[in-house]
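Let's take a walk through this one together, starting on the outside and working inwards. Keep the viewer open and click along as we go.

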Amino acid sequence: MADGAATSNGNLDALKNNAAAAYNTVANGPVAQNVLDQHAKTSAEFSNLAASRQTPANPAATGQPLTHYHSFFSELLSWNNPRASGIAYGTVVTAIFAARYLDLLRYSFKLTWLALAITIAAEVAGKAIMNNGLATQLRPRQYYTISKETLEAVIGDVNELINFFVIETQRILFVENLAASVVVALGAFLSYYLIKVVPFWGLSLIAATVLFFAPLVYTTNQELIDEQLKQASDIINAQTSQIRTVAQKQAEQATQLTKEYVGDYSAKAQALLKGARQPEYKPEQKNTVKEADFPAAPKEVFPAAPKEIFPEAPKDDFKLSDIDQEIKAQQEPLILT
């Protein structure tokens, strides 16, 4: 019996030793060490990302100071901390797919009634069996509350985040940065047509991918991209200068031609005004009619007209005829007054 007990104890000790050795091998092995190193680097990058939340030294074009979220998102999208940026991108993509394929609102209601059902059942069972509810025993001595300082910090942080989007919208709208405004305009133009064939969650996924990986592609191929952009800028500047020169020549010619037309019309208008104010000058015409063109006036005396042609006027007084006397008698009244 003693030998058997000693043998079993020895086997148990050997098993413990083997388990401890295996644990040490796994815990101190290259895989575990790599995991610990990656965890330490990830924590350091998240610390750097949190420390980057500082108000930028360069203000906006209006002189207003920017928010600390400008520095935070600039550090996040620049991939200076690749693990933190990768985890952030993965979180955004996971949230998009969760909103697309999971009924989160329904699951939240389900989680609520399950949690309440468990606590209620535990309370009823505890009072029925032990005369003391289990939920009552698990109840904290003091309910958790949010301190005023924490709430003010959260509200201030939310205010900074809202102001970040408000300021950036205005900077893009008023073309403070030409490249950023062009990119946003191009994205809005493409989204206008893609929204007809791509669902909203797909468009959100494309936007998040472009937002995270466009800066990464630029920083990885910065020399090549800058060279191509410089060549394109030189070509555009040359074409712009040529167009400006041609337009200036055309403007000068048009101005000169306009001046000539204006001068001509001004001279004509002045001549018309002078002609309207002064009487028209007519040159004296020479008398080309000669006296010989008219016949000579007769010099003989006209003879007197014969008296038989015109009868003499009567010289006696007019007398009333018989008819006139009858008419006059009829007009006299019959009864004399």
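Before we count anything helix by helix, it helps to know that helices here are DSSP runs of at least four residues, numbered from the N terminus. One more thing to keep in mind is that this is a predicted model.

With that settled, look at the surface around α8, which spans 178-194. A nonpolar patch sits there, made of Leu 186, Phe 189, Leu 190, Tyr 192, Tyr 193, Leu 194, Val 197, Ile 206 and Val 210. Together these side chains offer about 910 Å² of accessible area. Which helix gives the largest share of the patch? That would be α8, with 6 residues. Helix α9 is in on it too, since α8 and α9 each supply at least two residues. For a single example, click on Tyr 192, which lies in helix α8. Its relative accessible area is 52%, and because anything over 50% is called exposed, Tyr 192 gets that label.

Now for the inside. The largest nonpolar core contains 15 residues, and Leu 49, Leu 76 and Phe 212 have the most contacts within it. Three helices, α3 (68-77), α4 and α9, each put in at least two residues. Helix α4 provides the largest share of this core, 5 residues.

Helix α4 is also a good place to look at rings. Across the whole structure, a search turns up 13 aromatic pairs. Take Phe 97 and Tyr 101: their ring centres are 6.2 Å apart and their planes meet at 10°, so this pair counts as stacked. Both residues belong to helix α4 (residues 82-101), and they are 4 residues apart, about one turn of the helix. How open is each of them to the outside, exposed or partly exposed? Phe 97 is partly exposed at 31% relative accessible area, whereas Tyr 101 is exposed at 54%.

Phe 97 has another partner. With Trp 201 it makes a tilted pair, 5.8 Å from centre to centre and with 55° between the planes. This pair ties together distant parts of the chain, as Phe 97 is in helix α4 and Trp 201 is in helix α9 (residues 200-220), 104 residues apart. Trp 201 is partly exposed, with 24% relative accessible area. Tyr 101 has company as well: Arg 100 lies over the face of its ring, 4.8 Å from the ring centre. Elsewhere, Tyr 69, Phe 72, Phe 73, Phe 164 and Phe 165 come together as one aromatic cluster.

A quick stop at helix α2 (residues 30-51), where you'll find His 39. Its relative accessibility is 56%, which makes His 39 exposed. Between His 39 and Arg 83 there are 9.9 Å in space, C-alpha to C-alpha, with 44 residues of separation in sequence.

Last, two loops with a backbone quirk. Asn 131 sits in the loop between α5 (104-129) and α6 (134-138). Its phi is positive, about 60°, although Asn 131 is not a glycine. Asn 131 is exposed, at 68% relative accessible area. Val 175, in the loop between α7 (148-173) and α8, also has a positive phi, near 55°. Val 175 counts as partly exposed, at 45% relative accessibility.

Technical notes:
Residues numbered from 1 in each chain as written. Predicted model: local features only at pLDDT ≥ 70, side-chain atom pairs only at ≥ 80, totals over all residues. Heavy atoms only, no water. Phe/Tyr/Trp six-rings, centres within 6.5 Å; stacked < 30°, edge-to-face > 60°. Buried < 20%, exposed > 50% of the residue type's maximum accessible area, 1.4 Å probe, protein only. Lys NZ or Arg CZ within 6 Å of the ring centre and 35° of its normal. Patch = residues over 30% accessible without salt bridge, like charges linked within 9 Å, V, L, I, M, F, W, Y side chains within 5 Å. Areas by Shrake-Rupley, 256 points an atom, 1.4 Å probe, with all protein chains shown as cover. Salt bridge = Lys/Arg side-chain N within 4 Å of Asp/Glu carboxyl O. Core = buried A, V, L, I, M, F, W, Y, C linked by side-chain atoms within 4.5 Å.
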